[in-house]
Amino acid sequence: MASLRQRAKRIVVYGGVAFFCFFSASPFLWMLITMFKQDRDLYRAQNNPFLFNDPPTLDHLRLLFLETNYTAFLRNSVLIGVLVVIITLIIAIPAGYSLARLTGRWGERVGIGIFLVYLVPPTLLFIPLFRVVVALGLNNSVWSLVLVYPTISIPFSTWLLMGFFKAIPMDLEEAAMVDGYSRLMAFLKVVMPLSLSGVIAVVVFTFTLTLHEFIYALTFISSSAQRTISVGVPTELIRGDVFYWQSLMAGAAIVAIPIGIVYTFFLDRLVAGFTMGAVKG
Amino acid sequence: MQESAVYEVAGRARLRYLTDREGLLGPLFLMPAVVYIVALVGVPFFLAIAFSLSNVSVGDTSLNYVGLENFRTIIRTPQFERALINSVLFTVVAQAIIIVLANILALILSEDFRGKWVARMLIMLPWATPIALGTIGWLWLLDSKFSPIDWVLVNVGLLGPGTLLGPRNHMTFLGREELAMASVIVVHVWRMLPLSAVILLAGLTSIDRDLLDQAEVDGASFWRTLFQIKLPLILPIMSIALLFGIIFTFTDMTVVFVLTRGGPVYYTQVLPVWSFFKGIQGGALAEGAAVALFLFPVLLAVAILMLRAARRMEIT
C-alpha cells in the first residue's frame, strides 16, 4: 500500500515539474526554434511549427548583428550596467553597514524607509524624471539611465547588505579593534572580505535590474543608437507592421537565456531580501 | 625629528578618533544613500503631484496652477474607466491564479526529485529574464497568423470548420477583447509565478522538521498537514509574496505595452501605459502625471500592509 502511495506521489511530483517547466520555458523554446528558421519555412501555416521543415539558417543572426543596432544596444546595456553597479556599491555598502552596526534604533527606522522606497514604482516617477533629465541635458543619452537606475538598485542593495552585515558576528570586529584597528579599518579589513558573497549578489541583481528596466529607458531615450537591449529589441526590430521575427527572437534569446541562468545561482539571496530577512532562503 | 614623530602620532590619534566615533561614522556612511534617494525619488514624487495640478507640457514647461482640472478631464474620458478597471482586474485575477499555482509549485519544489536544479532554472527563467524580451516570445506565440497554439488546436481538432472553437483557423488571441485580456493576465502569471513560488518555498523549508515528523507519526493525511500546519505557518510569508505580486503587476507597463499597446481599441489599456501615451507620446506631462497618481492609493495600502506583515513575522 505504502509503495503504491509513494509511486502515486512520484507521478504527481514529476508530472507537476514537467508541467511547470513547460509553461515557464515554452516561450524561450519557441524563440530558440524560430531564430534559425528560413522565411519560407516559418511563414507557411500548414508547416509543423516545432520542426525544421527546411534546413536551419544563420541568416537572421547575421542580419541582427550586421544590419541593426543590436551590438550598440548590447554595448549600451553593458556600459550602463557596469556603471550603475559601481555607483550602487559605493553608496549601498557604507549605508548597509551603517544601518547594521552604527545607527541603532533610528537606523532601523531609516532602514525600513529605504526598503519602502523600493516599492515606489518607475511608473509613478517617469514623467517628472523625464523633465529632470531634459533639464540636465541628459535626454537621449545613456547617462540619463546611469543617473536614474541607482534609485531602484540602492534601496534593495542597502537592505540586502544590511542583512548580510548583521549576520557577521560582532566579536570579530571587536577583536580587530582590540588589536588596534579603528572602526573603519575593522570594517574594511575584517567585515568586507567576509561579505564578498553578499557583494557579488548585489552586483548580479543590480546588473540584471538595469537590463530588465523598460519604462525609463523607453521614456528618456529616443534615438536608436542610444537604446538599451530591453527597449531596442522590441521597438527597433518591429518597423511599423513588419516584424523581423527570427531576428527578434534571436535578439531576445541571446540576452534572456544567459541572464536567466546566472540569476538562478543567486536566487536564495534575493529571496532572503524579499522576505525582509525573516527567512533564510 | 622627534617633534614630527609626535605630530604624526597626534595626527593619527586624531584620525583614529574620527574613524572610531560611531555617532559620526553612522550618519556619514548613510548620507550618500539618503541624499540620492531624496533627490531622485523624493523630489520627483512631489514634482509628480505638482505636475498633476498644473498645465505643464513638453512644449510649455512652465508650471501654472490649474487645481484639479487635469483629474476632472481624465475622469471624463471613457478610456479612464476602462484603464482603471483593467488595472485592478488584471492584478486581482493574476494574483488569484498566481497564489494557487505558486503554492502547488512550492510544494512540488520542496520534494526531492532528480534534475531539480535544471527544473528550478527553467521555472525561474520568466522572472530572471528581462520582461520586455520574454513578452516578445509571447507576442510570437500568440501571433494572429502563425501562432503555434493555433496549429496545435487545429491539429487536435479543436479549431477550424465544424469544431468546438469555431470555423476559423485562427484564434487571433490579441485581436479579440476577452482573449486579449486573458493573454495579458497569462503573461503576468507567467512572469510573477516563479518569484511567488520561491518566496513560498523559503517559507515551507523554514518550517520546523520535527513538527511535520510528529504530524506524520500521528497519522495526519497530506491534506490535513497542508491545511492545518503548512499553510497557516507560511501565511505571513504568503502575504509578502502577494503584496510584491500586487505591486509588480499593478504598476507594470511593459507587458501591455509590448503585447497589445492597450489594444484592440483600448480594451486592454491600463493606467501606466495610458499615462505614458498621454504624458510622453502625447506631450501632456500634466495629464500623464495625474493618470500615474491614480496608482498611489494602492501603493500606499500595500506599503502599510507590508509593514504590518513584517512586524507579524518578527513576533513569530
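Q: In chain A, what percentage of the contacts with a separation of 6 or more is accounted for by residues 24 or more positions apart?
A: Keep in mind that this is a predicted model. Two residues are in contact here if their C-beta atoms lie within 7 Å. Take the contacts of chain A with a separation of 6 or more, and pick out those between residues 24 or more positions apart: their share is 73%.

Q: What percentage of the residues of chain A counts as buried?
A: To be buried, a residue needs 20 or more other C-beta atoms within 10 Å of its own. Chain A has 281 residues, and the share that counts as buried is 49%.

Q: What radius of gyration does chain A have?
A: Start with the yardstick: a compact globule of 281 residues would have a value near 19 Å. The C-alpha atoms of chain A fill a box of roughly 75 × 75 × 35 Å along the principal axes. For chain A itself, the radius of gyration is 24 Å.

Q: How many helices does chain B have?
A: Let's walk along chain B from the N terminus. Each element in the run is an α, and the number of strands is 0. The count of helices in chain B is 14.

Q: Why is chain B described as more spread out than a compact globule?
A: The C-alpha atoms of chain B fill a box of roughly 105 × 75 × 35 Å along the principal axes. For 316 residues, the globule rule gives 20 Å. Chain B is more spread out than a compact globule because its radius of gyration is well over that value, at 27 Å.

Notes. Residues are numbered from 1 along each chain as its sequence is written. Chains are lettered from A and ligands numbered from 1 in the order in which they are written. This is a predicted model: local features need pLDDT of at least 70, side-chain atom pairs count only at pLDDT 80 or more; totals for chains, interfaces and linings use all residues. Helices (H or I, at least four residues) and strands (E, at least two) are DSSP runs, numbered from the N terminus. The radius of gyration is taken over C-alpha atoms; the globule rule is 2.2 Å times the number of residues to the power 0.38. A residue is buried if 20 or more other C-beta atoms lie within 10 Å of its own, exposed if 12 or fewer, and partly exposed in between; C-beta atoms are placed from the backbone.
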